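The exercises below are meant to be worked with the sequence and the coordinates side by side. Each task is followed by a solution that proceeds step by step.

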Amino acid sequence: MVGKYKLSNKYKAVVIGGSAGSFQGITQILASLPKDFPLPVFLCLHRLKHVRNGFVEALSIKSSKPVVEPHDKEPIKRGMVYLAPANYHLCLELGNSLALSTEELANNSRPAIDHTFETAAFVYRDKLIGILLSGANKDGAYGMAKVKERGGLTVVQDPAESMIDAMPNAALAATKIDWVLKTEEIISFLGELDKVTKTLAPA
Amino acid sequence: MLPPPPPEADIEISDIRKLTDLIRQKYGYEFKDYAMSSFKRRIRRVLDLYKYKTVDKLVSVLDSNPDFFEEFISEITVNVTEMFRDPTFWKVLREQVVPNILLNHDKINIWHAGCSSGEEVVSMNIMLHEMGVLDKARLFATDLDNAIIERAKRSTYSAKNMDLNRKNYHRYSGQPETNLDSYFKEVGNEVVFDKALLQNVTYRRHDLVLGNVFSKFDLVLCRNVMIYFNQTLQNGVLSRLHESLFKYGYLAIGSKESLIWCEIANKFIVVNNEEKIYKKIKD
Ligand SMILES: C[S@@+](CC[C@H](N)C(=O)[O-])C[C@H]1O[C@@H](n2cnc3c(N)ncnc32)[C@H](O)[C@@H]1O
């Protein structure tokens, strides 16, 4: 059984980046995620540096799964949605855990999408799916290139649909993008991933 | 359109091993248990900064040029800090932790472990001064990085960073009429903290990884330092921080750190979960 997106059951994680204009899209994506979606999802969304509270709550309202801001060295659990906390970079660490960092801004951002994507690519190699949404700068382009380099699958939001298309366009210029999708299509893409991962999962 | 990023050789774990081995053998610092995700990025940053193409090149420069080592330490560590970082944390210190300590003691001993350029120390002094208890306090401020300790001693900061510091301070004080600038003198593009308020502070280089337990404290702040360590190293450092606390002393870690996954957790109770303040209850 091969679906529209020809996904296999090898994937172990999904990483999603977004910035200006991505809130609505990510809200829809989270609302439509199957309740028992089996993979961990790492979200790096640009946000106000000094507002610690409110964002994760806003994302959780419509999300089908709880969204958490992890602590440093928090062990990664299947099916959880992790959001980069305000003013920290979110990284994937060896030993199946997350790490936070207060390093310099990257692309004017902390959290920076490039850091989350690059470290995720290092840990998950070809078992990673990177999805980049609307945004006003080029954060995420380098990260997507790393995902591709390590054999992962790359998806960007269709620039024509993106409220601000600089970020998807920068990624398209930086590396080979496997799928250019509208929000609705990203939702069915993740639906297919859910089915494939569950039904074909090795016992 | 942006050009694709130039291809760069990935830094392999074996490269990092070579580097940490040399640093241990030649300089007596141990970086092998720093968190891989950030340590690797720090190395990449040093390579870019000095235009070295490979980690091998960096290793050979470090091997042949000891003068470079101090500079390397400054670049490899992350020194980003703010005054009154996490204002709500400072409120809890002022309203709960410090008054509680002074309930049973006439003196309060405080250790800033990983103090960076000293913004946290300055904040502590301002807070204690405003509480009218500064004369009861002894502060120790330590860091791995000599250069940053020197900066902390000077307590001189760029004026353009003060905006954020002022905002934090106001969120902490809750009173718009209070004025952070009254503690500083402007000199050109910089502001200098009132040295009279720093007389009770001892600055010293100290390595949390290999250094000894050197004193006992009522309050230890080690915020946003252990995030650069892996879980194994965190456990080791935490057991020495625990040893450095008097029984019923307080430990404060960064707002996004947690003791939950650490071996030492059962020797502490949570005083404030949101602000990550713990109290030692067992030796
Ligand atoms: C991000 S700063 C934290 C500053 C301050 N505590 C805060 O929360 O704003 C981290 C500091 O830890 C220091 N550090 C790193 N490794 C260390 C070690 N092994 N021993 C002592 N300090 C260390 C770095 O030099 C740096 O200044």
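**Exercise 1. The surroundings of a helix**

Which elements of chain B are included in what covers the buried residues of α4(B)?

Solution. Note at the outset that the model is a predicted one. Begin with the helix itself, which spans residues 67-76 of chain B. Applying the cut-off of under 20% relative accessible area for a buried residue, one finds that B:Phe68, B:Phe69, B:Phe72, B:Ile73, B:Ser74, B:Glu75 and B:Ile76 are buried. Seven of the ten residues therefore meet the criterion, so the helix is largely enclosed by the rest of the structure. The cover over these buried residues includes α1 (13-27), α2 (36-50), α3 (55-64) and α7 (146-154) of chain B.

**Exercise 2. The fold of chain B as a whole**

Describe the overall build of chain B, beginning with its secondary structure and ending with its charges.

Solution. First, count the elements: chain B has nine helices and ten strands. Next, compare its radius of gyration, 20 Å, with the 19 Å that the globule rule gives for 283 residues; the two values are close, so the chain is as compact as a globular protein of that length. Along the principal axes, the C-alpha atoms fill a box of roughly 55 × 50 × 40 Å. Then turn to burial and contacts: 54% of the 283 residues count as buried, and among contacts with a separation of 6 or more, 74% join residues 24 or more positions apart. The exposed surface of chain B comes to about 12700 Å², of which carbon and sulfur atoms supply 50%. Finally, the chain carries 40 positive and 39 negative side chains, and the centres of these two sets lie 2 Å apart.

**Exercise 3. Two residues of chain B in their settings**

Is B:Asn165 buried or exposed, and which residues does B:Phe268 touch beyond four places in sequence?

Solution. Locate B:Asn165 first, in helix α8 (residues 162-173) of chain B. Its relative accessibility is 4%, and B:Asn165 therefore counts as buried. The side chain of B:Asn165 reaches the backbone oxygen of B:Asn161 at 3.3 Å, while its contacts outside the four neighbouring places in sequence are with B:Glu82, B:Met83 and B:Leu180.

Now take B:Phe268, which lies in strand β9 (residues 268-272) of chain B and, with a relative accessibility of 6%, also counts as buried. Once residues up to four places away are set aside, B:Phe268 touches B:His242, B:Leu245, B:Leu251, B:Leu259, B:Tyr278, B:Lys279, B:Lys280 and B:Ile281. For B:Leu251, one of these, the separation from B:Phe268 is 17 residues in sequence and 8.8 Å in space between the C-alpha atoms.

**Exercise 4. Backbone details**

Which residues does a cis peptide bond join in chain A, and where is A:Asn108 found?

Solution. Examine omega first: with a value of about 10°, the peptide bond between A:Arg110 and A:Pro111 is cis. A:Pro111 lies in the loop between β6 (97-101) and α3 (113-124) of chain A. A:Asn108 is likewise found in the loop between β6 and α3 of chain A; its phi is near 65°, a positive value in a residue other than glycine. With a relative accessible area of 70%, A:Asn108 is exposed. As a last step, consider B:Tyr248, which has a positive phi of about 70° although it is not a glycine, and which is found in strand β8 (residues 245-253) of chain B.

Conventions:
Residues are numbered from 1 along each chain as its sequence is written. Chains are lettered from A and ligands numbered from 1 in the order in which they are written. This is a predicted model: local features need pLDDT of at least 70, side-chain atom pairs count only at pLDDT 80 or more; totals for chains, interfaces and linings use all residues. Side-chain values use heavy atoms; hydrogens and water are left out. Helices (H or I, at least four residues) and strands (E, at least two) are DSSP runs, numbered from the N terminus. The radius of gyration is taken over C-alpha atoms; the globule rule is 2.2 Å times the number of residues to the power 0.38. Buried means under 20% relative accessible area, exposed over 50%, partly exposed in between (1.4 Å probe, protein chains only). Contact means heavy atoms within 4.5 Å. Accessible areas come from the Shrake-Rupley method with a 1.4 Å probe; for residues, only the protein chains shown count as cover. Lys and Arg count as positive and Asp and Glu as negative; His and the chain ends are not counted. The place of a charge is taken as NZ of Lys, CZ of Arg, CG of Asp or CD of Glu. A polar contact is a pair of N or O atoms within 3.5 Å; within protein, one must be able to donate a hydrogen and the other to accept it, and residues adjacent in sequence count only if both atoms are side-chain atoms.
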